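Thank you for making the time this morning. I would like to walk you through one model, starting with a sheet and ending with charged pairs.

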Amino acid sequence: QKEMTRGTCLVCLGVPRGCLVGLDCYSWAAGDSFVGVKGIPDGFHIFRARGSAADEMAFAPWTGEFLFTTSSSPSSSSSPELLIRKWDPENCEMVCLDDSSEADKELKQRTEYEIKTGEMVVRLVDYQALPFSVDQDHPDVSTGVSPSHWNQLVDYIDRTTLDIFGPLNGRFCSMSSPLSSAEEALLSSL
C-alpha cells in the first residue's frame, strides 16, 4: 500500500482491449487487465483516450480532459487523490462518473469500497496499473517528448491558468466534430 500513498491514482473502468490511453507525453494500448495509472505527481496533466482500430475506430479522435492534481498538499490525508473514469462505448471516450446516475453512483461507491478494503489496491499496486514514469530523459516512442521537456512546457500552468484558458467543461477533442459517412469515404479514397 506504500505505492498507493504517493501521487494521484487514475482508475479507468471498462477500458476495452486495444484502446489507446494517454497521460501527458505518454500513451499506451490498454490490455485486458488495465485498470489505470498510479503515482501521478501533482500538477497539470492531459489525460486522453481513443478507440482502437480493432473497434473500427481508425479515424476516432482523441478525446480527453485537462487535470490538475494535488495529492500531496499538507491538508491531504495519507490516502492518494483518486480520480475515477469509465469508458463510454457509445461515444468511444473516457468520461467522469455522472453523480445524477444511480448506476454511476453505485459504481463509484463500489470502486471506493474496493479501494478502502484493499481489493482494488492489490489490482492497482501490482502490474495492472501503470506506474507514472519518473525516467526524465526517456522520450515516449509515439510522441518523442521526454518528461523533462513536458515539465518545462507545463511548469507555468497552475489551477488559475487552467480555469481561465482551458475549455469550459475541461474536456477536449482532437476533431471539431465526428466525420460523416461521406467525409470518411472521401478520406478513404485519397
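Before I describe the sheet, let me fix one term: two strands are said to pair if DSSP finds at least two bridges between them. Please also keep in mind throughout that what you see is a predicted model.

With that in hand, the sheet I want to show you is an open one, built from five strands in the order E3-E2-E5-E6-E10, with antiparallel pairing. Its edges are strand E3, residues 26–29, and strand E10, residues 171–173, each of which pairs on one side only. If we ignore direction, neighbouring strands of this sheet are turned against each other by 20° on average. To take one pairing in detail, strand E2, residues 20–23, runs antiparallel to strand E5, residues 43–50, and four bridges join the two; Val21, for instance, has Ala49 in E5 as its bridge partner.

How far should we trust the coordinates? The mean pLDDT of the protein is 74, and 68% of its residues reach 70 or more. Among the elements, E5 has the highest mean value, 89, whereas helix H2, residues 119–125, has the lowest, 54. As a general caution, where pLDDT is low, the predicted coordinates should not be read in detail.

Let me turn to the interior. The largest nonpolar core has 17 residues, and those that touch the most other members are Cys12, Val15, Phe47 and Met94. At least two residues of this core come from each of strand E1 (8–13), E2, strand E4 (36–40), E5 and strand E7 (82–88). If we set aside residues up to four places away in sequence, Val15 touches Val21, Ala30, Phe34, Trp87 and Met94. Apart from this core lies another, of eight residues, which include Cys25, Tyr26, Val154 and Leu162.

Staying with strand E7 for a moment, one of its residues is Leu83. Is Leu83 buried or exposed? Because the cut-off for buried is under 20% relative accessible area, Leu83, at 13%, counts as buried. Leaving aside neighbours within four places in sequence, Leu83 is in contact with Thr8, Cys9, Leu10, Val11, Leu67 and Thr69. Of these contacts, Leu10 is worth a second look, since Leu83 and Leu10 are 73 residues apart in sequence and yet 4.8 Å apart in space, C-alpha to C-alpha.

Finally, the charged pairs: a search of the whole structure finds four salt bridges, and I will go through some of them. The side chains of Arg17 and Asp32 meet at 3.4 Å, N to O, and they link the loop between E1 and E2, where Arg17 sits, to the loop between E3 and E4, where Asp32 sits, 15 residues apart. Arg17 is exposed, at 56% relative accessible area, and Asp32, at 67%, counts as exposed as well.

In another salt bridge, the closest N and O atoms of Arg85 and Glu65 are 2.6 Å apart; Arg85 belongs to strand E7 and Glu65 to strand E6, residues 63–69, with their positions 20 residues apart in the chain. Both Arg85 and Glu65 are buried.

Lys86 and Asp104 also meet in a salt bridge, at 2.6 Å, N to O, which connects strand E7, the location of Lys86, with helix H1, residues 102–117, the location of Asp104. Here Lys86 counts as partly exposed, at 23% relative accessibility, while Asp104, at 6%, counts as buried.

Notes: Residues are numbered from 1 along each chain as its sequence is written. This is a predicted model: local features need pLDDT of at least 70, side-chain atom pairs count only at pLDDT 80 or more; totals for chains, interfaces and linings use all residues. Side-chain values use heavy atoms; hydrogens and water are left out. Axes are lines fitted to C-alpha atoms, for helices over the stretch in contact, and angles run from 0 to 180 degrees between N-to-C directions. pLDDT is the predictor's confidence in each residue, from 0 to 100. A nonpolar core is a set of buried Ala, Val, Leu, Ile, Met, Phe, Trp, Tyr and Cys residues joined through side-chain atoms within 4.5 Å. Buried means under 20% relative accessible area, exposed over 50%, partly exposed in between (1.4 Å probe, protein chains only). Contact means heavy atoms within 4.5 Å.
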